[in-house]
Amino acid sequence: MYDQIASELKACHVKLIAVSKTKSPEQILVLYEKGQRAFGENKVQELVSKYEILPKDIEWHLIGHLQKNKVKYIAPFVKMIHSVDNAELLQIIEKEAIKNNRTIDILLQFYIATEDTKFGLDIKEAIELLKIFNFSNHENIRICGVMGMASFTDDTNNVRQEFKNLKNIFSELKSRYFSDKAYFKEISMGMSGDYRIAIEEGATTVRIGSLIFGGR
Ligand SMILES: *Cc1c(COP(=O)(O)O)cnc(C)c1O
């Protein structure tokens, strides 16, 4: 299944993040040997222990909720944090990036599903956050775009609408705050069950786990 999906995504220039949570290092290496370099994890501990034993040219993406006191464990190596949803977290990531003398790419996570969840910003909160953030210079953190998860439902119209909403949020932030920032270009949306809809609605990155690794 991996080969098929990888070539499908390559053909439409969409980046694949192989979501390897709960999967073993051996399973990750199978995809690594096929050329996959971007992997996503949702838990800091698991991310760190896999980083330590796997090849160092793997690009690690944190896609799950991040507690402030755990930023320091991933700051030395993480490529991108997809789940930033408050200003304090952003500041801590920046502080840790400076300590490690590197630049960390982040995405702002938006709450687009109709389901109840604690995580993710709405557009109003994002604008507040960006007002604070934009007052100073930032060299060690780059806001590269947006991330969201659609509802778990068979109602594809609903899912499509949620992806459309995220795309609209992206476009609004791009024109208001990032029109001169080429790196603000990522829309991370779409998982095993809905990645094709996400791509139709403008995803630049999809996060796929069970479809390529098998069920969890
Ligand atoms: C687990 C997870 C995925 C991948 O889910 P699959 O349905 O296995 O493809 C994508 N994004 C996030 C944030 C996840 O936690």
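Biologist: How does the lining of the largest pocket break down by class?
Modeller: In this predicted model, the lining of the largest pocket has 13 nonpolar, 12 polar and five charged residues.

Biologist: And how much space lies in there?
Modeller: The largest pocket holds about 650 Å³ of space, and 30 residues line it.

Biologist: Which of those lie nearest its centre?
Modeller: Lys21, Met149, Phe152, Met191 and Arg207 are the lining residues that lie nearest the centre of the largest pocket.

Biologist: Where does the ligand sit?
Modeller: The ligand sits in that largest pocket, and the residues around the ligand include Lys21, Met149, Met191 and Arg207, each of which is also among the lining residues nearest the pocket centre.

Biologist: Which others are around the ligand?
Modeller: Val19, Ile63, Met147, Ser192, Ile208, Gly209, Ser210 and Arg216 are also around the ligand, and by class the shell has six nonpolar, three polar and three charged residues.

Biologist: What lies 2.9 Å from a nitrogen atom of the ligand?
Modeller: That is a polar side-chain atom of Arg207.

Biologist: Which residues come 2.8 Å from a ligand oxygen?
Modeller: For Gly209, a backbone N or O atom lies 2.8 Å from an oxygen atom of the ligand, and for Ser210, a polar backbone atom is 2.8 Å from a ligand oxygen atom.

Biologist: How much of the ligand's accessible area does the protein cover?
Modeller: On its own the ligand has 390 Å² of accessible area, and the protein covers 90% of that.

Biologist: Changing topic, what volume has the second largest pocket?
Modeller: The second largest pocket has a volume of about 230 Å³, and its lining is made up of 13 residues, with Tyr2, Lys15, Leu16, Gly35 and Gln36 nearest the centre.

Biologist: Which elements give two or more residues to that lining?
Modeller: Helix H1 (2–11) and strand S1 (15–19) do so in the second largest pocket, and H1 supplies the largest share, four residues.

Biologist: What about the classes there?
Modeller: The lining of the second largest pocket divides into six nonpolar, two polar and five charged residues.

Technical notes
Residues are numbered from 1 along each chain as its sequence is written. This is a predicted model: local features need pLDDT of at least 70, side-chain atom pairs count only at pLDDT 80 or more; totals for chains, interfaces and linings use all residues. Side-chain values use heavy atoms; hydrogens and water are left out. On a 1 Å grid over the protein atoms alone, a cavity is a set of points where a 1.4 Å probe fits but cannot get out, and a pocket is an open set with protein on both sides within 12 Å along at least five of seven lines; lining residues have an atom within 4 Å of a point. Grid points are joined across faces, edges and corners, and a volume is the space filled by probe spheres set on the points. Ala, Val, Leu, Ile, Met, Phe, Trp, Tyr, Cys and Pro count as nonpolar, Asp, Glu, Lys and Arg as charged, and the others, Gly among them, as polar. A residue is near a molecule or strand if one of its heavy atoms lies within 4 Å of it. A polar contact is a pair of N or O atoms within 3.5 Å; within protein, one must be able to donate a hydrogen and the other to accept it, and residues adjacent in sequence count only if both atoms are side-chain atoms. Accessible areas come from the Shrake-Rupley method with a 1.4 Å probe; for residues, only the protein chains shown count as cover. A molecule sits in a cavity or pocket if more than half of its atoms lie within 2 Å of its grid points.
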